[in-house]
Amino acid sequence: MGVSQRLKSRFRRFLQRPGTTVDLGPLEKLLPAIEGREEELSALTDAELTEAAGSATGYEEICAIGREAARRGLDQRPYDVQLLGAMALLSGKVAEMATGEGKTLTATIAAYGHVRLGNGPVHVLTVNDYLARRDARWMEPVYTLLGLTVGSVSEASTPQERRDAYACDVTYVSVSEAGFDYLRDQLVTDLDDRVQPALRTAIVDEADSILIDEARVPMVLAGAVGGEQDPVHAAAALVRGLRKGKHYTVAEDGRSVAFTSAGLAAVEAKLGGIDLYDTEHVGQLSAVNVALHAHALLHRDVDYIVRDGSVELIDEMRGRVAQRRRWPDGLQAAVEAKEGLDATAEGEVLGTIAVQAYIALYPKVCGMTATAVLVGDQLREFFGLEVAVIPPNTPCVRSDEPDRIYATRAEKDEALVDEIRRCHDKGRPVLVGTLDVKESEQLAVGLEAAGVPCVVLNAKNDDDEAAIIAEAGAYGAVTVSTQMAGRGVDIRLGGSDSADRDRVAELGGLYVIGSGRHDSRRVDDQLRGRAGRQGDPGGSVFFVSLEDDLVVRHAGDAVPASPRMNADGLVTDPQVDYAVEHAQRVAEGVNHEIHRNTWRYSVVIEQQRKALAERRERLLTSDIAALMLLERVPEKAEEMDEDLLARAARSIALFHLDRLWAEHLAELSEVREGVHLRALGRLDPLDEFHRAAVPAFNALVPEIEARTIATFTETEFDEDWEPDASTLVRPSATWTYLVHDNPFGSELDRLIASVGRRLSAAPR
Ligand SMILES: Nc1ncnc2c1ncn2[C@@H]1O[C@H](COP(=O)(O)OP(=O)(O)OP(=O)(O)O)[C@@H](O)[C@H]1O
């Protein structure tokens, strides 16, 4: 590489440092020309506008026509910054636009543009069904004027409704529904049963949340198989009385737990004095470890709630019940057993894909969120996406106060209630963001005792979430919710009808209070962003205590022994401010590392899934299965009617491919859970995983052929032969779920830790 090239590449690396963003200059230059088209376009009839929309080609024309359609369809003229955002999305970037800047409309113009540029159909991927439905309906008049069809998919949609929605130019769908549809489509035996067309372009809403926070969440399609309950219940009973410190220790980061020698001895005694580390008890050891995880690390009303006799997971970030989400196999049943509920059937995994891998199936991806810069390096690392920061339409005048830090939790809680009461007495609306549902409820009790009425938004009333959040800016309102709840819902000053706007604005607008710093600064920034939208007055502050989890876990050493404080107990030591910032950065680093690690495991499975999907597609759309049988079993195949042979060969081969893939997934998950590794000792888990996964996959294709030939040979065919009539019965009921936070990595650590402890324990 020559000197100038090296310089260029260094300069480029400088430009691409985390936090650096795309230059908007070239796009800004188009704005005057777009504006110049307004008069001429406004003179067109609706029909003429629609016709013009159908032939637009460049960014300039797309934006000019998009603007005119929005003006007519919604009575809102898109701001220049919204057009800049739309162009950033058209050029495949993640647009960072502050909360309330009108991302919904921005995405609409971009979706139209993508269709015009030949990148359709476009999927706008949302974080939930509510937003998919709302945005599709809200933007429909604009799409109609642009001559495009729009649809939305939700959990309740029938296959035909899904097919219709996906047949539109633009489809709004939550990322999980889209992923599940993809997985179901991978299992059809008749092309007509598919609902999704080939994936082309995704516009990802709340991009940081979907692309980073949810990236490693696997979406799972399962078939009904009876679950075994008893070992799980037995293991839950074994760990029920165990105590922290004495019987087990929890790692500082709260992510893993390990038996102490005393704990292990207690469990082994209850089992009649067996040695759990004996190879014959490997299954039991695994069950007991999972039960301990459920017992020690998962807390009711924080990680899950129990409703109508079943365990429902709480989405840690949003603080609301995560629909159809489960922990990985075993853990879910262990929590159910801990709560004394019948364990639900595990089900056989028929297909699975992580959110990140699903997104990667779209040849074109772009996205938008209020907080992208902070994850700029991760967006680049995992998706090759760059961030474009779009300036606000009206400058933000929100006043963000420095953290108020107290020595103890109790002092913090008291000061928090006092501050809320002071604001409430004046009528200034307050939105409090808490870290979890339990904290929300505790705060509500404190507020009630102080005579402050409040509305608590928690996982248990998620149906009304949007409506409640929309009123958070009303005069005198006090709303308590977890930090992430209600993302995407507009908070207007003076209530959803803005009736009291002036009075509330005079009081300083909405006051957002965080009851603690989240693990990620991004989530804190999102919370702050709920105040001061579109140039509204507003304020934000976070209350922190040195006993908060985040500080204890990640900055224990950095906190001075006796920090400076003022008379009110407020810590005024700059070193403490630094320690809190530091704790957050460490937590962010830990999460990034977990993401990277999980992804390294998924890469192999992903390649295998893709290779098999291609094979399946060929089986489905060609006669390769029949040709294989003609070659391998000529006596029988040549005698059969051609159509019948093609039909039978295809069904049998698809059946075996799907079955073997399901078996393969089960095997991989066992490998990952460490069942094999435990016997193998301390080897690099990732290497070990590859060593098992690659040959297992290579054996798959010959095995599909062998089983296809066997079934073909054994089956009697007549003209009316149907797959269902033979032994080729597919799992009848299928359902879908998301696997919550993958504890495998930490489980391995835990196992290694417990093995280590075991080894160092004195021989008995
Ligand atoms: N060009 C415009 N002119 C007037 N009002 C607009 C314009 N664009 C958007 N709005 C209004 O601004 C409000 C916020 O829009 P929207 O909900 O799309 O914001 P957002 O950026 O998605 O916010 P969030 O980060 O909460 O998702 C809506 O009430 C919308 O009608």
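Helix axes that cross at an angle which is neither under 35 degrees, over 145, nor between 65 and 115 count as oblique. That cut-off helps with the first view of this predicted model.

**View 1. Helices α7 and α8 cross obliquely.** Here you can follow helix α7 (residues 80-90) as its axis comes within 8 Å of that of helix α8 (residues 103-116), with a crossing of roughly 45°. At this angle, α7 and α8 are therefore oblique to each other. The crossing of α7 past α8 is right-handed. On the α7 side, look for Q82, L83, G85, A86, L89 and L90; α8 answers with L105, T106, A107, I109, A110, G113 and H114. Eight of the residues in this contact are nonpolar, five are polar and none is charged.

**View 2. The shell around the ligand holds 16 residues.** If you zoom in on the ligand, the residues that come nearest are Q76, T99, G102, K103 and T104. Helix α8 turns up again here, giving the most to the shell with three residues. By character, the shell has seven polar, five nonpolar and four charged residues.

**View 3. Seven strands form an open sheet with parallel pairing.** Reading across the sheet, the order is β3-β4-β2-β5-β14-β1-β15. At the edges sit β3 (150-153) and β15 (387-389), each pairing on one side only. On average, and with direction ignored, neighbouring strands are turned by 20° against each other. For a closer look at one pair, find β1 (residues 94-96) beside β14 (residues 364-369), joined in the parallel sense over three bridges. Within this pair, V94 has G367 of β14 as its bridge partner.

**View 4. Helices α8 and α9 pack on the sheet.** Helix α8 lies across β2 (122-126), β4 (170-174), β5 (201-204) and β14, and runs at about 155° to β2. Helix α9 (residues 129-145) touches β2, β3 and β4, and its direction makes about 170° with that of β3.

**View 5. Helices α15 and α16 make another oblique crossing.** The axes of α15 (residues 282-297) and α16 (residues 331-338) come within 9 Å and cross at roughly 60°. These two helices are therefore oblique to each other, and their crossing is right-handed. To find the contact, look for V290, A291, H293, A294 and H295 in α15, which meet L331, A334, V335 and K338 in α16. Six residues of this contact are nonpolar, two are polar and one is charged.

Terms used: Residues numbered from 1 in each chain as written. Predicted model: local features only at pLDDT ≥ 70, side-chain atom pairs only at ≥ 80, totals over all residues. Axes fitted to C-alpha atoms, helices over the stretch in contact; angles between N-to-C directions. Helix = DSSP H or I, 4+ residues; strand = E, 2+ residues; numbered from the N terminus. Left-handed = near helix turned anticlockwise from the far one by under 90°. Contact = placed C-beta atoms within 7 Å. Nonpolar A, V, L, I, M, F, W, Y, C, P; charged D, E, K, R; others polar. Near = placed C-beta within 6 Å. Pairing = 2+ DSSP bridges.
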